[in-house]
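Reader: I would like to learn how to read helix packing and enclosed space in a protein model, one feature at a time. Could you take me through an example slowly?

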Amino acid sequence: MKLIISLLATASISCFANTTVIYNVNGYTPTYQGQTQQFSTLVFKDGKVVKTGDDSLKASFPDATTIDGKKATLLPGLIDAHGHIIGLGNNLSQLDVRNTQSVDMVGKMLAEFAKDKQGWIIGRGWNQEHWPGGQFPTAADLDKYVKDKPVVLSRVDGHAVWVNSKAMALAGITAQTDTPSGGEIIKLPSGQPSGVFIDKAETLVTQHIPKTDHASINRALDNAGNHLLSLGITSAHDAGIDYDTWQVYKQRAEHNNLPVRIVAMLSAGDPKLETMLKAGRYKDMNDMLSIGSVKVYADGALGSRGAALINEYADRKNHHGLMLETQEKLEQLFTLSFSHGFSANTHAIGDQANKTVLDAYENVFKKSGGILLRNRIEHAQIVSPNDIPRFKALKIIPSMQPVHATSDMHMAEQRLNETQLKGAYAWKTFLSQGSIIAAGSDFPVELADPFDGLYSAITRMDHNQLPEGGWRPEELLSRDEALRAFTLGGAYAAHQEFKVGSLEQGKWADFILINKDYYTVPLTDVHAIKVQQTWLAGELKYTLENEN
């Protein structure tokens, strides 16, 4: 069956500077006032929404280009408030070991992938929790398959790398190599490095990987953009860009050829951070690129036991994870960001990291202001119940990824005790106190498909509908709440709630047509919803043409 709606029978893309009316649709949009509005006709002109209403609207625009939507469901373009665009683009052309079930399965994929490759072999996606025994792998495991080329495979969360002996040799790593603060070198019983490097120890190896050039960044951007559009994502918040990516994004914005809207955060770890800050905030006339925040890292990830916890890990005695920055350093970074008018968006997963980050924000707000900049905590995964109200008091936006809960739930119950889990993945608790959640996926850590995220938010189950009723179901969101988090929530976090995120008058006409009604389809089918068309600023950018 051909999954395509022939919407353009009476329309020409070249006509879209004129008024366009799409009628006979099953439309939904959240509104700034907090309701969800239904409509059957959308009118837009020069890329912006003129009006929504019923099909009688068509008669009010007799000279408009008209398109019969054939009862397709229409939603605002979805916003992913936390992803890594260039990482996603690179990932699409690198070794992807996301769904591997054993070390040997990774090795066989690696051997095949490396056959016609020269230089460093890069890949991503392994997760030892999905393998028998759940133990970290070793360099020797990779050497069995590739030993003549350096191999670097990032863990699925990006907070650990697994490398072969060739990579360690080229990096000059030995048993005497010092572990950097905020990192961990996993050691063998002999005292030799095992081949797994966590958080800030990753750079011991990764700094030796040849640097990418602007051409490769552009390729990755285009690859990622096409992929995101196919998923109905019209805007993505890029969580930490380096200087070269900053240059490419601005060049592309000036030439008006960015594939999707980008809200970019400057990486606090980039050596040229101050150079980028001194250049000032950036926003183009078409709202395709916005740069006005700094991405800061406070701790690691739960899967690699790098998330900083107040109490020890349930499955590793006396281990509390890793703080990547001291509170003093966090306060310095916040002060630097605020002094240039940039907000600070801080990665914090563990309850200790969230507490420390909140303390740092509070101290800096008292000394130098910045509370109104819509600062964020990225992930806010495990938060002490005592600290959740502080997000509201300090006007901190929890930028959360619903799919992390369903990916992590089994591992989280191993890593954390019941007390630690009380404030874990607590979306409903945040919403109930009046916090605005900006939802995303953390692609390519997770798949970028926003309907996976919406499904996780409203079911807290995996794709096999387990556990029945949802994991810790008191934190479930309604369909309205979830859609708002993936639209207006992300828009608000980017200071763009009057530009994007809903189909209200004067906003950009970013919208998608999907193959099922998000509001009436059975909960179990939400993750299977497919995007048939994606429109950005009133222009058709993607059409599904697959044959089934």
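Author: What follows is a conversation about helix pairs, cavities and some backbone details, and the model we are reading is a predicted one.

Reader: How are two packed helices described?

Author: Two packed helices are described by the angle between their axes and by the distance between those axes. In this structure we can begin with helix α9, which covers residues 327-339, and helix α10, which covers residues 351-368; their axes come within 9 Å and cross at roughly 45 degrees. Angles from 65 to 115 degrees count as roughly perpendicular and those under 35 degrees as roughly parallel, and α9 and α10 are therefore oblique to each other. As for handedness, α9 passes α10 in a right-handed crossing.

Reader: Which residues of α9 and α10 make the contact?

Author: On the α9 side the contact is made by Q327, L330, E331, F334, T335 and F338, while α10 contributes T356, V357, D359, A360, Y361, N363, V364, F365, K367 and S368. Sorted by class, the residues of this contact between α9 and α10 divide into 8 nonpolar, 5 polar and 3 charged.

Reader: At what angle do the axes of α12 and α15 cross?

Author: The axes of helix α12, residues 402-415, and α15 cross at roughly 70 degrees and come within 7 Å. That angle makes α12 roughly perpendicular to α15. The contact is formed by P402, V403 and T406 of α12 together with G453, S456 and A457 of α15, and by class these residues divide into 3 nonpolar, 3 polar and no charged.

Reader: How would I read the pair α6 and α7?

Author: Helix α6 spans residues 214-230 and helix α7 spans residues 243-254, and their axes come within 10 Å, crossing at roughly 65 degrees. The crossing of α6 and α7 is right-handed. From α6 the contact uses H214, I217, N218, L221 and D222, and from α7 it uses D244, T245, Q247, V248, Y249, Q251 and R252; in this contact of α6 with α7, 4 residues are nonpolar, 5 are polar and 3 are charged.

Reader: Now for empty space: how is it found, and how many cavities of 30 Å³ or more are there?

Author: Rolling a probe the size of a water molecule over the atoms shows where empty space is left. Here the count comes to 2 cavities of 30 Å³ or more. The largest cavity holds about 50 Å³ of space, and its lining consists of P76, G77, I79, T234, S235, V500, G501, S502, L503, W508 and D510. That lining has 5 nonpolar, 5 polar and 1 charged residues.

Reader: Which residues line the second largest cavity?

Author: The second largest cavity, with about 30 Å³ of space, is lined by H379, A380, Q381, M400, Q401, H404, Y425 and W427. By class its lining has 4 nonpolar, 4 polar and no charged residues.

Reader: Let us finish with the backbone. Where are cis peptide bonds found?

Author: One cis peptide bond joins F443 and P444, with omega about 0 degrees, and P444 sits in the loop between β22 (438-439) and α15 (450-459). Another cis peptide bond joins L466 and P467, with omega about -5 degrees, and P467 is placed in the loop between α15 and α16 (479-485).

Reader: What is the value of phi at D199?

Author: Phi of D199 is near 50 degrees, which is a positive value in a residue other than glycine. D199 is found in strand β14, residues 193-199.

Conventions:
Residues are numbered from 1 along each chain as its sequence is written. This is a predicted model: local features need pLDDT of at least 70, side-chain atom pairs count only at pLDDT 80 or more; totals for chains, interfaces and linings use all residues. Side-chain values use heavy atoms; hydrogens and water are left out. Axes are lines fitted to C-alpha atoms, for helices over the stretch in contact, and angles run from 0 to 180 degrees between N-to-C directions. Helices (H or I, at least four residues) and strands (E, at least two) are DSSP runs, numbered from the N terminus. Angles under 35 degrees count as roughly parallel, over 145 as roughly antiparallel, 65 to 115 as roughly perpendicular and the rest as oblique. A crossing is left-handed if the near helix is turned anticlockwise from the far one by less than a right angle, and right-handed if clockwise. Contact means heavy atoms within 4.5 Å. Ala, Val, Leu, Ile, Met, Phe, Trp, Tyr, Cys and Pro count as nonpolar, Asp, Glu, Lys and Arg as charged, and the others, Gly among them, as polar. On a 1 Å grid over the protein atoms alone, a cavity is a set of points where a 1.4 Å probe fits but cannot get out, and a pocket is an open set with protein on both sides within 12 Å along at least five of seven lines; lining residues have an atom within 4 Å of a point. Grid points are joined across faces, edges and corners, and a volume is the space filled by probe spheres set on the points.
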